[in-house]
Amino acid sequence: AMGGNHTQPKFILLGITDTPWAQAPLFGLFLLIYIVTLVGNVGLMVLVWVAPSLHTPMYFFLAHFSLADVCYSTIISPKMLTDLLFGNKTISWAGCVTQLHLFALFVTAECHLLAAMAYDRHVAICHPLLYVTVVSPRACWQLVTWSYLVASLSALVYTSCTFGGSFCGPRWVDHFFCDTSPVLRLVCSDTRGSEAAIFALATANGLGTSMVILLSYGRILHTILRMRLASSRARAFHTCTSHLVSVSVFYGTLFFMYLQPASRHGSRDKVASVFYTVVSPMLNPFIYSLRNKEVKAVLGKYRRRMLNLC
């Protein structure tokens with residue numbers, strides 16, 4: 001199947017835009033976003049690690065979510081930045097396979113981590129007395145392990161389906177990274193089976209995890225509306241809002257991208273892709289930390305310590 005790969009083992013990424021004057025401003029913008037993404041997510045991971053008050057299941061999942069954010073934006077942003085800066089848009093066969101595989105792995109892991117976080121909120125609000133026993137440290141590790149296991153197996157399927165055919169024409173990938181649908185468009189053998197397999201697995205992962213999230217929030221809403229005290233209702237809502245915001249951002253763009261047939265994909269995809277590959281990982285630390293009293297308290301405490309040292 002891969003007989004033609006030895007003669008021309010490179011792909012050429014067409015990138016976000018081919019307008020010459022737009023390259024420099026886009027480079028500046030995306031570099032800033034990538035730096036903020038790294039500082040925000042690594043900062044959040046360090047904070048969860050060092051602050052005992054954040055040693056809870058919710059922040060445990062959040063730290064893994066931040067790790068996945070750092071990983072998949074690092075798989076995409078540095079390559080995209082060098083392409084914008086130097087205009088060298090080639091990527092080797094191995095580079096393209098690796099990029100697609102790791103990207104699929106971390107995005108799928110994030111879907112499952114968001115589902116684990118929704119389940120955690122559901123137990124915390126609907127069964128507070130059982131919370132400590134149900135969401136134990138062991139259960140947390142099992143949920144995270146499961147997320148990465150399913151993601152690893154899914155990524156293997158996506159990658160082998162995408163690169164399993166024969167590439168014989170020009171290798172212009174109409175995207176800024178190696179993603180499934182623009183790479184599949186370059187395959188000259190029949191891709192219907194591969195497309196069906198990828199679509200089925202993406203649907204299973206996307207809809208499966210979003211069903212867990214919807215059911216959890218259905219139960220949470222039911223429980224909150226039955227609370228007598230307005231203050232209890234407000235507190236319960238408050239613990240869920242940040243998670244709901246990041247779920248909406250993440251799934252909104254993912255569903256737009258992957259749950260449509262290959263023929264419907266067009267230039268709007270690049271805009272949607274920029275959103276969840278570049279912007280969404282940057283927003284998550286802000287969504288979670290700016291709304292959270294615990295994170296604010298820890299940040300305040302460490303800021304005071306730093307000032308005292310100075």
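Leaving aside neighbours within four places in sequence, leucine 201 is in contact (heavy atoms within 4.5 Å) with Ser154, Val157 and Tyr158. The residue lies in helix 7 (residues 192-225); helices (H or I, at least four residues) and strands (E, at least two) are DSSP runs, numbered from the N terminus. Leucine 201 has a relative accessible area of 22% and is therefore partly exposed, where buried means under 20% relative accessible area, exposed over 50%, and partly exposed in between (1.4 Å probe, protein chains only). Its C-alpha atom is separated by 20 Å from that of aspartate 269, 68 residues apart along the chain.

The model is predicted: local features need pLDDT of at least 70, side-chain atom pairs count only at pLDDT 80 or more, and totals for chains, interfaces and linings use all residues. Residues are numbered from 1 along each chain as its sequence is written, and side-chain values use heavy atoms, with hydrogens and water left out.

UniProt, in an unreviewed entry, places the feature "transmembrane region" at residues 26-51, 58-78, 90-117, 196-215, 236-259 and 271-290. The UniProt positions follow the numbering used here, feature names are shortened, and annotations may be inferred rather than shown by experiment. Residues 58-78 are 100% helix and 0% strand, with end C-alpha atoms 30 Å apart. Residues 196-215 are likewise 100% helix and 0% strand, and here the end C-alpha atoms lie 27 Å apart.

An open sheet is formed by three strands in the order 2-1-3, with mixed pairing; two strands pair if DSSP finds at least two bridges between them. Strand 2 (90-92) and strand 3 (172-173) are the edge strands, each pairing on one side only. Three bridges link strand 1 (residues 10-13) to strand 2 in the antiparallel sense, with lysine 10 opposite serine 92 and isoleucine 12 opposite threonine 90. Strands 1 and 3 run parallel and are joined by two bridges; leucine 13 stands opposite valine 173. Side chains alternate along strand 1: Phe11 and Leu13 point to one face and are buried, whereas Lys10 and Ile12 point to the other and are not.

Aspartate 174 is located in the loop between strand 3 and helix 6 (180-184). With a relative accessible area of 38%, aspartate 174 is partly exposed. Outside its neighbours within four places in sequence, aspartate 174 is in contact with Leu14, Pro182, Arg185 and Lys270. The C-alpha atoms of aspartate 174 and glycine 15 are separated by 6.9 Å, at 159 residues apart along the chain.

The largest nonpolar core (buried Ala, Val, Leu, Ile, Met, Phe, Trp, Tyr and Cys residues joined through side-chain atoms within 4.5 Å) has 85 residues, and Phe11, Phe30 and Leu114 have the most contacts inside it. Helix 3 (residues 93-126) gives the most to this core, with 19 residues. Apart from neighbours within four places in sequence, phenylalanine 30 is in contact with Ile16, Met80, Leu81, Leu84, Val274 and Val278.

The largest pocket holds about 520 Å³ of space. On a 1 Å grid over the protein atoms alone, a pocket is an open set of points where a 1.4 Å probe fits, with protein on both sides within 12 Å along at least five of seven lines; lining residues have an atom within 4 Å of a point. Grid points are joined across faces, edges and corners, and a volume is the space filled by probe spheres set on the points. The largest pocket is lined by 21 residues, of which Arg121, Ala124, Arg235, Thr239 and Glu294 are the closest to its centre. At least two lining residues each come from helix 2 (57-86), helix 3, helix 8 (230-258) and helix 10 (293-309). Helix 8 supplies the largest share, six residues.
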